[in-house]
Number of protein chains: 4
Amino acid sequence: MIVIMKTDATPSQLTNVVALIEQMGGQAHLSRGEERTLIGIIGNGRPFDPDRIEQMDGVEKTMPVLRPFKRASREFHPQDTLVTVGDVVVGGSQITLIAGPCAVESRDQLIEIASAVKERGAQMLRGGAFKPRTSPYSFQGLGEEGLRILAEARDVTGLPIVTEVIQPELVPLVTSYADVVQIGARNMQNFALLHAVGQAQCPVLLKRGMMSTVEELLMAAEYILSHGNTRVILCERGIRTFETYTRNTLDISAVPLLKQLTHLPVIVDPSHGTGKWELVAPVSRAAVAAGADGLIVEVHTHPDQALSDGSQSLKPETFADLVASLRKVAVAVGRTA
Amino acid sequence: MIVIMKTDATPSQLTNVVALIEQMGGQAHLSRGEERTLIGIIGNGRPFDPDRIEQMDGVEKTMPVLRPFKRASREFHPQDTLVTVGDVVVGGSQITLIAGPCAVESRDQLIEIASAVKERGAQMLRGGAFKPRTSPYSFQGLGEEGLRILAEARDVTGLPIVTEVIQPELVPLVTSYADVVQIGARNMQNFALLHAVGQAQCPVLLKRGMMSTVEELLMAAEYILSHGNTRVILCERGIRTFETYTRNTLDISAVPLLKQLTHLPVIVDPSHGTGKWELVAPVSRAAVAAGADGLIVEVHTHPDQALSDGSQSLKPETFADLVASLRKVAVAVGRTA
Amino acid sequence: MIVIMKTDATPSQLTNVVALIEQMGGQAHLSRGEERTLIGIIGNGRPFDPDRIEQMDGVEKTMPVLRPFKRASREFHPQDTLVTVGDVVVGGSQITLIAGPCAVESRDQLIEIASAVKERGAQMLRGGAFKPRTSPYSFQGLGEEGLRILAEARDVTGLPIVTEVIQPELVPLVTSYADVVQIGARNMQNFALLHAVGQAQCPVLLKRGMMSTVEELLMAAEYILSHGNTRVILCERGIRTFETYTRNTLDISAVPLLKQLTHLPVIVDPSHGTGKWELVAPVSRAAVAAGADGLIVEVHTHPDQALSDGSQSLKPETFADLVASLRKVAVAVGRTA
Amino acid sequence: MIVIMKTDATPSQLTNVVALIEQMGGQAHLSRGEERTLIGIIGNGRPFDPDRIEQMDGVEKTMPVLRPFKRASREFHPQDTLVTVGDVVVGGSQITLIAGPCAVESRDQLIEIASAVKERGAQMLRGGAFKPRTSPYSFQGLGEEGLRILAEARDVTGLPIVTEVIQPELVPLVTSYADVVQIGARNMQNFALLHAVGQAQCPVLLKRGMMSTVEELLMAAEYILSHGNTRVILCERGIRTFETYTRNTLDISAVPLLKQLTHLPVIVDPSHGTGKWELVAPVSRAAVAAGADGLIVEVHTHPDQALSDGSQSLKPETFADLVASLRKVAVAVGRTA
């Protein structure tokens with residue numbers, strides 16, 4: 001970290017800042033310019049909290065040199081992390097395809113969809129039992145009954161299941177059913193929840209918040225990693241911008257950027273990323289071409305009867321076409337799907 | 001709600017949409033234009049979920065006419081809601097001033113600050129015992145020990161206390177100490193938490209998420225109201241934009257807009273809204289001039305030693321100057337402070 | 001367009017609105033609900049200006065049904081527009097590769113780069129002679145001397161040239177040299193400039209503004225088309241968001257969305273879209289996979305000596321690798337490169 | 001500026017960077033840490049272009065210490081700049097009130113409005129003769145005829161006139177009529193236009209672009225100042241965000257921030273900043289309370305017949321109420337209105 005002193009900082013203010021740095025375990029290295037003094041902090045191996053320093057008298061601002069995440073960083077762990085879920089390996093040469101409805105609505109609905117996506121090439125099944133909804137008057141999910149239906153769909157199809165958890169005290173329940181537990185975009189900075197899944201024995205699919213930077217996503221992963229769970233899959237699902245034709249703006253550059261910054265697998269959610277089923281296939285192809293390790297796609301056998309997200313769901317036959325085209329793109333970038 | 005049919009929608013698709021609307025309890029009113037048919041839905045007294053309709057074959061899109069919040073709306077409840085906390089009335093003619101440190105750091109620190117802000121005109125004390133922090137390596141708050149210190153500061157100064165709760169299972173604990181429980185910006189759409197405070201017997205200070213619309217803020221309030229707790233205070237605290245000189249962009253227009261849309265009191269957090277203590281005073285005056293019912297301001301007796309948010313905290317003497325200037329602005333807009 | 005009347009609108013206010021609609025050449029179709037009256041406007045073949053109606057007494061708001069662009073819309077012109085530039089066809093089955101430096105710096109620099117990109121597979125040469133720069137102290141381009149150098153590079157390599165025009169009175173000069181004239185992101189809503197190139201006999205490469213919606217981009221194209229120039233190529237180059245790791249956020253969904261909404265060719269600028277040369281290749285592959293008709297890429301033989309944008313420029317050998325990988329992705333989506 | 005070298009930078013790369021810095025007229029000051037070397041550049045009195053350095057081999061990134069604007073900065077010119085227009089002084093203790101219609105529509109309309117706002121306390125008249133409009137099908141202004149009408153309104157009322165110029169070659173014409181020439185938000189980075197008004201003998205009202213940072217606004221002012229025109233008035237008019245209830249998000253913090261960073265006067269446009277006339281009065285009061293030197297407000301005698309922006313225009317009587325309330329707020333913050 002670099003500390004920029006004010007042009008009118010006094011020598012005693014400078015002395016105080018140096019003293020604090022040393023007290024925090026760092027070494028201060030001074031550069032005296034004509035206008036102001038800069039202090040380079042030689043660290044003690046872990047990130048410094050800039051707040052403590054920035055508020056000292058005489059300090060104008062601080063600027064980070066090192067990134068604030070460590071366990072999530074590729075420098076810390078150069079090899080790609082592979083997250084194994086049953087027979088599925090996320091982060092390897094094969095693109096992982098996760099498909100299913102937004103929400104578990106009934107036993108019949110889920111079994112039908114699960115069978116349909118399995119047959120068309122999905123390797124994992126998604127479906128929400130606990131649904132975070134903007135309105136208290138919208139369908140909130142089937143709860144534990146939904147988890148039981150997911151487990152039954154797994155028994156029938158053999159597909160591992162991915163489902164969301166929305167509060168810390170439900171982590172034991174949800175992880176007792178799920179093969180992968182999902183942290184949704186609205187909960188990416190629900191630190192109590194990150195703490196809870198960090199202590200669980202279950203892979204975590206961590207979605208980027210619609211209001212979150214790439215760095216904040218990696219800090220959220222750092223929470224999970226620092227509590228002992230190293231099986232984290234990151235998911236880019238679109239951020240909120242001024243554009244309103246699409247539900248969110250999918251940040252495609254985040255895919256290669258994340259692959260550069262971290263060793264964790266990175267997948268893409270083109271359904272929430274666009275909000276329109278017509279855009280799901282081209283954006284999915286883009287994601288694979290950009291280096292994504294997988295996709296999580298909403299598929300419904302009857303989108304026009306879906307209780308949520310029907311307008312962004314693919315029908316099984318459209319999903320089959322997508323899988324066929326993805327296989328070609330995967331091969332073009334040296335992978336398989 | 002209005003349903004826009006596609007230009008090539010078939011008569012049977014139209015029939016199906018009308019049937020669904022009637023099944024959901026509404027009446028469909030058709031307008032056949034040259035190019036397409038529109039359907040006006042005459043409601044049954046409560047908002048319709050647009051998802052169900054939008055995904056039907058033949059439908060291009062739906063457009064809301066009524067707003068999706070009801071209990072929070074001024075049409076539903078024309079008079080201003082006053083939230084009474086001890087002797088303090090939030091939403092009346094007097095501007096409510098809430099002040100204190102970002103975090104409770106120690107007994108001595110809090111008692112000192114509480115006494116200082118009480119003496120300078122604060123009517124409530126703020127201070128975090130459970131802190132949501134972007135980094136797992138930052139100070140996370142003192143927990144229940146912090147709550148005990150807050151209660152002691154209340155005993156010493158007589159100031160009611162406002163403190164944050166960050167997970168549902170802590171609501172009973174936090175509300176057993178707090179006079180007002182705060183939902184932070186990152187938790188504005190933590191629906192399990194909204195549900196929990198909605199069932200509590202404690203006023204709620206609900207902060208707008210940094211990337212949440214005014215409508216989403218009101219829907220979050222609707223969650224709390226619909227679970228039975230009507231004592232909700234809204235707080236504008238800045239939204240995330242492309243501007244980086246300030247920590248957030250305080251949305252001043254949201255203040256009169258909210259006063260128009262809802263009966264709930266609206267306060268402003270100029271400390272998080274700007275992130276710079278030098279901007280806190282002018283922005284506080286702006287908030288009162290715009291019609292805010294109160295302010296929540298970070299004050300610290302030793303900002304340069306604060307464990308968090310020191311660079312946006314006022315010193316007690318600066319807070320005193322602010323209070324003096326606010327009194328003049330309050331009078332100018334027909335209120336008191 | 002639909003007009004939503006206020007709940008307390010009077011009959012005479014309604015009469016006035018209907019009269020205005022008819023005076024503007026439309027027919028008003030009323031839907032009287034229990035709470036309020038809606039008016040559907042059956043148009044006269046062209047978009048209505050909502051401002052006139054929205055400000056009438058008794059009107060709550062208006063909502064567009066038809067899109068405000070016409071000549072740019074695919075409904076108006078279902079077949080893809082192909083823009084031919086010399087031997088190059090933009091918008092056909094072959095992906096168009098435009099490459100070159102940010103700015104023309106000298107004769108030697110440009111000839112060297114032009115030859116290098118030609119040899120590696122570029123079909124057009126880019127290079128700025130007039131540079132819009134945020135700071136008045138930055139290099140502003142060589143002006144007409146730069147245009148002469150571009151023409152010479154065309155003579156040497158046979159590559160058609162793309163260069164930017166930044167003010168209306170320079171359009172005759174720039175189009176006397178250029179094969180394609182570029183409107184930069186900052187000038188997307190410089191209507192006098194759009195008007196001027198709309199009257200020119202030269203294809204236009206129109207870049208999306210960094211804070212412009214897809215609809216505004218199409219309205220800017222509509223300006224050019226409505227002044228008589230139908231050879232317009234659209235370019236997605238990233239929008240401004242809160243994310244700061246990348247220079248802009250490339251809106252990949254805009255590519256298939258534009259292909260759906262308009263008949264004009266759509267290309268992508270991955271250099272400005274990311275701001276980092278390491279991200280250019282994966283994002284270029286994503287663009288082609290998403291359906292882009294071409295790419296405009298910054299290439300420099302000595303990026304570390306470039307007078308602008310060096311950090312986002314590829315070296316010729318990296319560009320060659322990119323072209324090789326793009327050919328595979330193009331084939332995977334049924335095209336060539 | 002500080003240069004951060006990569007962890008694996010070689011000694012010869014370091015030597016090259018130092019050589020370049022010295023060649024550009026600076027002195028390089030090295031700080032060798034355990035992990036990497038930092039270089040502080042001691043300047044030669046003017047801002048360095050970071051691009052040249054950032055793209056050298058071995059450089060990770062650069063970080064500015066000094067701000068990139070100079071003539072616009074308060075450090076360069078500590079006293080407030082007062083811009084005198086006839087009898088009106090912008091930037092002094094009195095708040096300047098500029099009012100009038102969005103567009104000049106006819107002689108009768110403008111004279112009527114000008115007289116109405118003069119009588120209610122306006123000190124300057126606004127009105128557009130050349131209108132930048134998103135759609136080519138919207139009213140584009142009366143052109144020079146509009147300028148003549150503005151001049152006549154000045155003769156009748158004595159109010160100086162503010163009107164917009166939208167292309168460089170019209171600067172001589174517009175400044176031959178105008179007392180203050182306006183650069184609109186969409187043209188804030190139209191550098192040819194900034195250059196042209198920078199050479200004119202006329203005060204400039206420079207509006208912040210809806211996509212522009214405070215720093216970019218100051219760089220745009222720097223363009224004007226560096227071409228010799230020092231009479232620049234800055235105007236905050238709202239930025240584009242994800243919020244859609246208001247037309248733009250007025251950045252109230254920008255007012256005190258600009259007053260801190262620059263010596264130029266700062267006014268606020270609450271009409272475009274909110275897009276809703278009901279919000280204009282409270283936001284105007286907020287602007288004055290935050291330290292704005294003036295307001296530019298849209299007023300129309302018949303908003304429901306306005307050719308543009310009617311829904312955000314005040315009627316004269318509402319404007320009169322606003323002026324009365326502003327006088328109280330101005331006094332509360334030690335000024336007059």
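1. Before getting to the layout of chain A, a word on what "domain" means here: the bounds come from an automatic or database domain assignment. Also keep in mind that this is a predicted model.

2. On that basis, chain A splits into domain 1, covering 2–63, and domain 2, covering 83–332. Between the C-alpha centres of these two domains of chain A there are 43 Å.

3. Now to the contact between chains A and C. Chain A puts in 35 residues, and chain C puts in 36 residues. On the chain A side, five helices supply at least two residues each: α7 (214–226), α8 (254–261), α9 (270–274), α10 (277–289) and α11 (316–332). Which helix gives the most? That would be α10(A), with 7 residues.

4. As for the chemistry of the side of chain A that touches chain C, the tally is 19 nonpolar residues, 10 polar and 6 charged.

5. How do the two copies relate? A turn of 180° with a shift of 0.0 Å along the axis lays chain A on chain C, and the RMSD is 0.1 Å. So what you're looking at is the relation of a two-fold axis. If you want to find that axis from chain A, go to A286(A): its C-alpha is the nearest one in the chain, 1.9 Å from the axis.

6. One last point on the pairing: both copies use the same surface, and 100% of chain A's contact residues recur in chain C. For anyone checking this by eye, a contact here is two residues whose C-beta atoms, placed from the backbone, lie within 7 Å.

Technical notes
Residues are numbered from 1 along each chain as its sequence is written. Chains are lettered from A and ligands numbered from 1 in the order in which they are written. This is a predicted model: local features need pLDDT of at least 70, side-chain atom pairs count only at pLDDT 80 or more; totals for chains, interfaces and linings use all residues. Helices (H or I, at least four residues) and strands (E, at least two) are DSSP runs, numbered from the N terminus. Ala, Val, Leu, Ile, Met, Phe, Trp, Tyr, Cys and Pro count as nonpolar, Asp, Glu, Lys and Arg as charged, and the others, Gly among them, as polar. Copies are superposed by least squares on the C-alpha atoms of residues with pLDDT of at least 70 in both.
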